[in-house]
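Please read the following report alongside the sequence and the three-dimensional view. It takes up the aromatic residues, the overall fold, the surface and the pocket in turn.

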Amino acid sequence: MKKIFQKQFYLAAYATLVLFFVQVVTYAQDAPASTTTTTSSSSSTSTEPMAIQPWMWIVGGAVVLIIIIALLRGNSSTTKEVHVEKTTDIV
């Protein structure tokens with residue numbers, strides 16, 4: 001029972017740490033990205049937000065899916081031992 005609790009604790013701590021770093025990265029990208037283009041014939045400028053390509057969503061989703069599967073799978077190389085004890089009372 002104690003080993004199960006320790007494993008769950010380490011898994012929860014690892015997931016918290018990963019989510020913390022993901023939050024830091026997304027917060028760092030919070031400023032809106034903009035591009036300014038100027039032409040020589042006109043003095044007007046246009047500002048357009050950066051568009052995320054569809055393949056970026058697919059790659060990001062695949063990475064998140066792999067991380068979730070790795071966290072849920074855990075360490076499957078350990079073997080489980082079952083001890084059965086049979087007692088008989090002779091009267």
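## Aromatic residues

In this predicted model, Phe20 has a relative accessible area of 47% and is therefore classed as partly exposed, because that class covers values between the 20% limit for buried and the 50% limit for exposed. Phe21, with a relative accessible area of 48%, is likewise partly exposed.

The structure holds 2 aromatic pairs. One of them joins Phe20 and Phe21, whose ring centres lie 5.5 Å apart and whose planes meet at 65 degrees, so the pair is edge-to-face, given that planes over 60 degrees apart are put in that class.

## Fold and overall exposure

The protein chain is built from 2 helices and 2 strands, and, read from the N terminus on, its elements follow the order α-β-β-α.

Of the 91 residues in the protein chain, 0% count as buried. The accessible surface of the protein chain amounts to about 9,400 Å², and carbon and sulfur atoms account for 65% of that surface.

## A nonpolar surface patch

On the surface, Ile52, Trp55, Met56, Trp57, Val59, Val63 and Ile67 make a nonpolar patch of about 740 Å². Among these residues, Val59 is placed in helix H2, which spans residues 54–73.

Val59 has a relative accessibility of 44%, and for this reason Val59 counts as partly exposed; a residue can belong to a patch if its relative accessible area is over 30% and it has no salt bridge.

## The largest pocket

The largest pocket encloses about 320 Å³ of space. Its lining is made up of 13 residues, of which Val18, Val22, Val63, Val64 and Ile67 are the closest to the centre of the pocket. Helix H1 (2–28) and helix H2 are the elements that contribute two or more residues to this lining.

Val63 and Ile67 are named in the nonpolar surface patch and are also among the residues closest to the centre of the largest pocket.

Conventions. Residues are numbered from 1 along each chain as its sequence is written. This is a predicted model: local features need pLDDT of at least 70, side-chain atom pairs count only at pLDDT 80 or more; totals for chains, interfaces and linings use all residues. Side-chain values use heavy atoms; hydrogens and water are left out. Patches are made of residues with over 30% relative accessible area and no salt bridge: like charges are joined within 9 Å, nonpolar side chains (Val, Leu, Ile, Met, Phe, Trp, Tyr) within 5 Å. Accessible areas come from the Shrake-Rupley method with a 1.4 Å probe; for residues, only the protein chains shown count as cover. A salt bridge is a side-chain nitrogen of Lys or Arg within 4 Å of a carboxyl oxygen of Asp or Glu. Helices (H or I, at least four residues) and strands (E, at least two) are DSSP runs, numbered from the N terminus. Buried means under 20% relative accessible area, exposed over 50%, partly exposed in between (1.4 Å probe, protein chains only). Rings of Phe, Tyr and Trp (its six-membered ring) pair if their centres lie within 6.5 Å; planes under 30 degrees apart count as stacked, over 60 as edge-to-face and the rest as tilted. On a 1 Å grid over the protein atoms alone, a cavity is a set of points where a 1.4 Å probe fits but cannot get out, and a pocket is an open set with protein on both sides within 12 Å along at least five of seven lines; lining residues have an atom within 4 Å of a point. Grid points are joined across faces, edges and corners, and a volume is the space filled by probe spheres set on the points.
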